[in-house]
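Trainee: I should like to understand the terms used for this structure and the reasoning behind them. May I put my questions to you one by one?

Mentor: Please do.

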Amino acid sequence: MTGGYGLLVADLIGVAVFAASGATAGVAKRLDLFGVAFVGFVAALGGGILRDLAIGSVPPLAFADWRYAVTAVAASLAAFWLHPTLNRLRRTVLLLDAAGLGLFTATGTLKAIAAGVPPVGACLLGMLTAIGGGLARDLLTGEIPVVLRREIYAVVALGGAVLVTVMHRMGFTGLLPLVGAAGLMTGVRLLALYRKWSAPVAAPRF
Amino acid sequence: MTGGYGLLVADLIGVAVFAASGATAGVAKRLDLFGVAFVGFVAALGGGILRDLAIGSVPPLAFADWRYAVTAVAASLAAFWLHPTLNRLRRTVLLLDAAGLGLFTATGTLKAIAAGVPPVGACLLGMLTAIGGGLARDLLTGEIPVVLRREIYAVVALGGAVLVTVMHRMGFTGLLPLVGAAGLMTGVRLLALYRKWSAPVAAPRF
Amino acid sequence: MTGGYGLLVADLIGVAVFAASGATAGVAKRLDLFGVAFVGFVAALGGGILRDLAIGSVPPLAFADWRYAVTAVAASLAAFWLHPTLNRLRRTVLLLDAAGLGLFTATGTLKAIAAGVPPVGACLLGMLTAIGGGLARDLLTGEIPVVLRREIYAVVALGGAVLVTVMHRMGFTGLLPLVGAAGLMTGVRLLALYRKWSAPVAAPRF
């Protein structure tokens, strides 16, 4: 199917972008070549692995379809050698990352729904698909996950997952609504970056 | 069933208490509102998710029954706004945490037995149900897990899990023995806190 | 079967060695007796648990067969009391660790193949079986995983997993090729230690 093929290409673009972000974090922490590739792999595919385990889809796609692993490792190795260039391309990377956020959330939510997960759980798993890799990347490099600390990132995913779930309930299925929801999330994420929106932090009073 | 309903209420109280402990840790680390809710969710439901994955019960209860996620998030948000009050209620929180420890261990062990896990594995999974969320909370907030460092906490869970398994083998089933074992664990945990019991630490001689 | 029994003994030796390495790391971080045993358990069995979850073999062997958990805990407790001796035995520990690396990779890869995982995924899961426990050990003790930072360790596992997969494809099955591949990995790992081989690190230029 053209639809399935388009989705695969979109998915692999998300994998490559998230892998490059993980690999760049690994380079910054002075990991070796293997470590950089490993963190890139986990950043790109960790969220999807978690989702697949939770919906009982084993082996997870990251191990079942070689194109995912190869894309993640290739993008990580490219980042290892090209990372100064990546920094100059910072705006492009943020744009692609926002696109990955939207796509991973939309496909993750729909996969959870298709596996029979009820709406609230499907939204949570859709969000985890998008943010799980970044969480694992930060844990592996010894950081408190950035997604928990600042910026509007996971909330965009959660809102988008709710939108996808509601649309699915209303009978909108197929590629178009999915791409629409992913595009909306990408736009909101870019707007949040541009406007420097951030979530409130409590003042600890201990 | 009244029994099932009583168990659900007990389970949700445990979820709320563990979520509040996770959320408070998140506030102390200056996470944003989303981060606080996320760490609360993981602290409350991470142990059960791990257990459900290990016994092949997918999707895990945290994603299959919306009441768990909603309770965890509501308790986390309450802790976000009320955390100075929570500190004044420190004794109450420790009491509820001890009750959560007992209940999560007892129900976790029985679920593992019901899924056909042999006794030693069921005890380990019962303990992991109770301590897994706290482990994940500490990893997400950049701490070496407190349960590995001091105090009698996990050992109470392990001992309680053995007791539950032995009682199950001897034919004691139903709500009463479960509540009895949970109550005993809660009591021992509170005694350990009151008497400041702690496990031995080796003097590193490198 | 003699073959199955030999494999079990080899597997349990790997478990004991990895548990001792985890427990020693726990002692160095001044964890208490429970924490040391827990980190030892995770270091020995974490990689296998991850593999079993990914291939849908639930409950994972670590919970299904009590001999694994008991071996891991016994070796951890031994390390807790004997750790100064372990340091004097550093060369022996490194030798056994290299043997564990080879054995865990070989058995992990074959289990993934037997579960129907395609070649690339089976190689990744074989490697994860061998390095997953060490990764979890380092995360639990607040370190950036050493396997990502230096030395030739995971790459030996990955190369060995590819060899095992190719041999399996070519029809070499049974105990002998497995032991041969494991022995080869052990030898390469020891050579890498002796020659102080390490993977390249990128100079971060941000």
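Trainee: Which residues does B:Thr71 touch, not counting residues up to four places away in sequence?

Mentor: The model is a predicted one. In it, B:Thr71 touches B:Leu12, B:Val15 and B:Ala16, with residues up to four places away in sequence left out. B:Thr71 itself belongs to helix H4 of chain B, residues 66-88. Contact means heavy atoms within 4.5 Å, so each of these three residues is counted as touching B:Thr71.

Trainee: What separation is there between the C-alpha atoms of B:Thr71 and B:Arg150?

Mentor: Those C-alpha atoms are separated by 29 Å, and the two residues are 79 residues apart along the chain.

Trainee: How do you know how much confidence the predictor places in chain A?

Mentor: The guide is pLDDT, the predictor's confidence in each residue, from 0 to 100. Chain A has a mean pLDDT of 89, and 96% of its residues reach 70 or more. Among the elements of chain A, helix H1 (residues 2-28) has the lowest mean, 83, and helix H3 (residues 61-64) has the highest, 96.

Trainee: Why is the relation between chain B and chain C called that of a three-fold axis?

Mentor: In general, two copies of a chain are related by a rotation about an axis and a shift along it. Here a rotation of 120° with 0.0 Å of shift along its axis superposes chain B on chain C, with an RMSD of 0.0 Å. That is the relation of a three-fold axis, which is why the name applies.

Trainee: What turn and what shift lay chain A on chain C?

Mentor: A turn of 120° and a shift of 0.0 Å along the axis lay chain A on chain C, with an RMSD of 0.0 Å. The copies use different surfaces, for 7% of the contact residues of chain A recur in chain C.

Trainee: How do you know through which surfaces chain B and chain C meet?

Mentor: Only 6% of the interface residues of chain B are also interface residues in chain C, so the copies meet through different surfaces. Chain B brings 32 residues to the contact and chain C brings 30 residues.

Trainee: What makes up the area buried between chain B and chain C?

Mentor: The size of an interface is often given as the accessible area lost when the parts come together. Between chain B and chain C that area is about 2,500 Å², and carbon and sulfur atoms give 76% of it. On the side of chain B that touches chain C, helix H2 (33-54), helix H6 (119-140) and helix H7 (154-169) of chain B each supply at least two residues. H6(B) gives the most to that side, with 9 residues. By class, the residues of that side of chain B divide into 26 nonpolar, 2 polar and 4 charged.

Trainee: How many salt bridges does the rule find across the interface of chain B and chain C?

Mentor: The rule finds 0 salt bridges there. A salt bridge needs a side-chain nitrogen of Lys or Arg within 4 Å of a carboxyl oxygen of Asp or Glu, so no pair across this interface is counted as one. Residue pairs in polar contact between chain B and chain C number 2, both at pLDDT 80 or more.

Trainee: Which three residues supply 27% of the area that chain A buries against chain C?

Mentor: The contact takes 30 residues from chain A and 32 residues from chain C. The area buried between them is about 2,500 Å². A:Asp32, A:Phe34 and A:Phe63 supply 27% of the area that chain A buries against chain C, more than any other three residues.

Trainee: What makes B:Arg30 worth a remark on its phi?

Mentor: Most residues other than glycine have a negative phi, and most peptide bonds are trans. The phi of B:Arg30 is near 60°, a positive value in a residue other than glycine. B:Arg30 is found in the loop between helix H1 (2-28) and H2 of chain B.

Trainee: Which peptide bond of chain B is described as cis, and where is B:Pro59 placed?

Mentor: The bond from B:Val58 to B:Pro59 is cis, with omega near -10°. B:Pro59 has its place in the loop between H2 and helix H3 (61-64) of chain B. In chain C, a cis peptide bond joins C:Val58 and C:Pro59, with omega about -10°.

Definitions and conventions. Residues are numbered from 1 along each chain as its sequence is written. Chains are lettered from A and ligands numbered from 1 in the order in which they are written. Side-chain values use heavy atoms; hydrogens and water are left out. Buried area is the accessible area (1.4 Å probe) that two parts lose on being put together, summed over both. A polar contact is a pair of N or O atoms within 3.5 Å; within protein, one must be able to donate a hydrogen and the other to accept it, and residues adjacent in sequence count only if both atoms are side-chain atoms. Helices (H or I, at least four residues) and strands (E, at least two) are DSSP runs, numbered from the N terminus. Ala, Val, Leu, Ile, Met, Phe, Trp, Tyr, Cys and Pro count as nonpolar, Asp, Glu, Lys and Arg as charged, and the others, Gly among them, as polar. Copies are superposed by least squares on the C-alpha atoms of residues with pLDDT of at least 70 in both.
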